[in-house]
Amino acid sequence: MTRSNSKLSPSFAWLLLLALAASQPALALQVVDARDGETVLAKVSRKEVTRISVDRGRIRKVTGNAGEFVLEKDDEKGQVFIRPLSPESTKPINLFVSTERSTIGLLLQPVDTPSDAIVIREARDAPAGPARIERSGRHVRTMKNLLLAMAEDALPDDMEVRGPGRELTLWSGARLTLQRQWLGSGVVGEKYQLVNTGASALELAERDLFKRGVMAVSVEQAALRPGETTQLFVIRERRADD
């Protein structure tokens with residue numbers, strides 16, 4: 001990848017604008033990805049309640065030290081509300097959340113923030129055939145639908161979604177983190193976060209991100225000043241080792 005003056009290609013700039021317009025969140029939200037038996041980290045408000053729910057699922061049981069938190073259940077919606085017993089406590093709260101599919105550990109760090117929400121997204125099995133997005137028909141429509149799903153952080157029923165949170169090596173003055181992957185039977189969508197950690201401006205060219213197997217690239221912001229962050233989307237062919 002090189003630094004050069006660049007503008008987004010028209011074919012993907014309008015797709016990205018459409019996707020971002022549809023994905024503006026209404027409130028603060030923590031989304032955590034987990035598999036059965038895993039423990040994941042999240043934050044809870046020290047003084048106010050935090051809502052915990054499961055994406056396309058229901059919480060059936062919560063197990064933990066009752067002397068550390070106050071818990072309220074919403075059995076109708078299958079969600080719970082939690083608050084540390086002491087508003088001054090900074091000790092992490094350990095919970096086991098059981099759903100209809102799995103039991104997931106939560107390590108909750110109390111912080112001085114307003115009321116928030118945590119959504120648990122359970123890992124799903126790898127798709128056996130083409131995902132609905134891949135069956136869109138036309139090549140461009142497939143990429144458009146996948147880009148929309150990535151921009152909205154959606155979890156299609158027929159695609160496997162992974163949240164590796166893996167930092168990749170670029171060049172000095174830039175940090176690139178692979179935040180999430182959407183895997184179909186023949187295509188992979190990847191969402192990255194790029195941070196300009198250098199002292200000078202950084203300009204990106206979409207063409208510099210293309211390599212063998214890459215079908216489409218879209219950059220939210222092509223020019224970054226020091227300290228600025230942007231989202232980067234890559235759609236590529238799925239490899240045997242994915």
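## Ser-98 and its neighbours

Leaving aside residues up to four places away in sequence, Ser-98 touches Arg-58, Ile-59, Arg-60, Lys-61 and Thr-103. Keep in mind that this is a predicted model. Ser-98 sits in strand E7, which covers residues 93-99. Is Ser-98 buried or exposed? Its relative accessibility is 17%, and the cut-off for buried is under 20%, so Ser-98 counts as buried.

Thr-103 turns up again when you look at how the strands pair. E7 and E8 run antiparallel and are joined by six bridges, and Thr-103 in E8 is the bridge partner of Ser-98. The side chains of Ser-98 and Thr-103 also make a polar contact, at 3.3 Å.

## The protein overall

Stepping back, the protein has 242 residues, and 45% of them count as buried. It contains two helices and 17 strands. Take the contacts with a sequence separation of 6 or more: 61% of them come from residues 24 or more positions apart. The accessible surface adds up to about 13,000 Å², with carbon and sulfur atoms holding 49% of it.

## The four-stranded sheet

E7 belongs to an open sheet of four strands, and the order across it is E2-E8-E7-E4. The pairing here is mixed. E2 and E4 are the edge strands, each pairing on one side only. Going from one strand to the next, the twist averages 30°.

## The five-stranded sheet

Another open sheet has five strands in the order E1-E9-E3-E6-E5, again with mixed pairing. Which strands stand at the edges? They are E1 and E5; each has a single partner strand, so one side of each is left without a neighbour in the sheet. On average, neighbouring strands of this sheet are turned by 25° against each other, direction ignored.

Now for the pairings, starting from the E1 edge. E1 and E9 pair in the parallel sense, over five bridges, and one residue pair to look for is Asp-33 with its bridge partner in E9, Arg-121. The side chains along E1 alternate. Gln-30, Val-32 and Ala-34 point to one face and are buried, whereas Val-31 and Asp-33 point to the other face and are not. E9 also runs parallel to E3, with five bridges between them. In that pairing, Ile-118 in E9 is the bridge partner of Ile-52.

At the other end of the sheet, E5 (residues 69-74) and E6 (residues 79-84) run antiparallel and are joined by six bridges. Phe-69 stands opposite Pro-84 of E6. E5 and E6 make a hairpin with four residues between them, and Gly-78 in the turn has a positive phi of about 70°.

## Two nonpolar cores

The largest nonpolar core is made of 20 residues. Which residues have the most contacts inside it? They are Ile-52, Ile-82, Leu-95, Leu-106, Leu-108 and Ile-120. Strands E1, E2, E3, E4, E6, E7, E8 and E9 each supply at least two residues of this core. A second, separate core has 14 residues, including Trp-171, Leu-178, Leu-194 and Leu-204.

Ile-52 is a handy residue to click on in the viewer. Not counting residues up to four places away in sequence, Ile-52 touches Ile-59, Gln-79, Val-80, Ile-82, Leu-95, Leu-106, Leu-108, Ile-118 and Ile-120. Among them is Ile-118, which is also the bridge partner of Ile-52 in E9.

## Met-150 in helix H2

Now to a helix. Met-150 has its place in helix H2, which spans residues 139-151. How accessible is Met-150? Its relative accessibility is 0%, so Met-150 counts as buried.

What does Met-150 touch, not counting residues up to four places away in sequence? The list is Trp-182, Gly-189, Glu-190, Lys-191, Phe-233, Val-234 and Ile-235. Take Trp-182 from that list: Met-150 and Trp-182 are 32 residues apart in sequence, and their C-alpha atoms are 7.6 Å apart in space.

Key:
Residues numbered from 1 in each chain as written. Predicted model: local features only at pLDDT ≥ 70, side-chain atom pairs only at ≥ 80, totals over all residues. Heavy atoms only, no water. Pairing = 2+ DSSP bridges. Buried < 20%, exposed > 50% of the residue type's maximum accessible area, 1.4 Å probe, protein only. Contact = heavy atoms within 4.5 Å. Areas by Shrake-Rupley, 256 points an atom, 1.4 Å probe, with all protein chains shown as cover. Polar contact = N/O pair within 3.5 Å; in protein donor to acceptor, adjacent residues only side chain to side chain. Core = buried A, V, L, I, M, F, W, Y, C linked by side-chain atoms within 4.5 Å. Axes fitted to C-alpha atoms, helices over the stretch in contact; angles between N-to-C directions.
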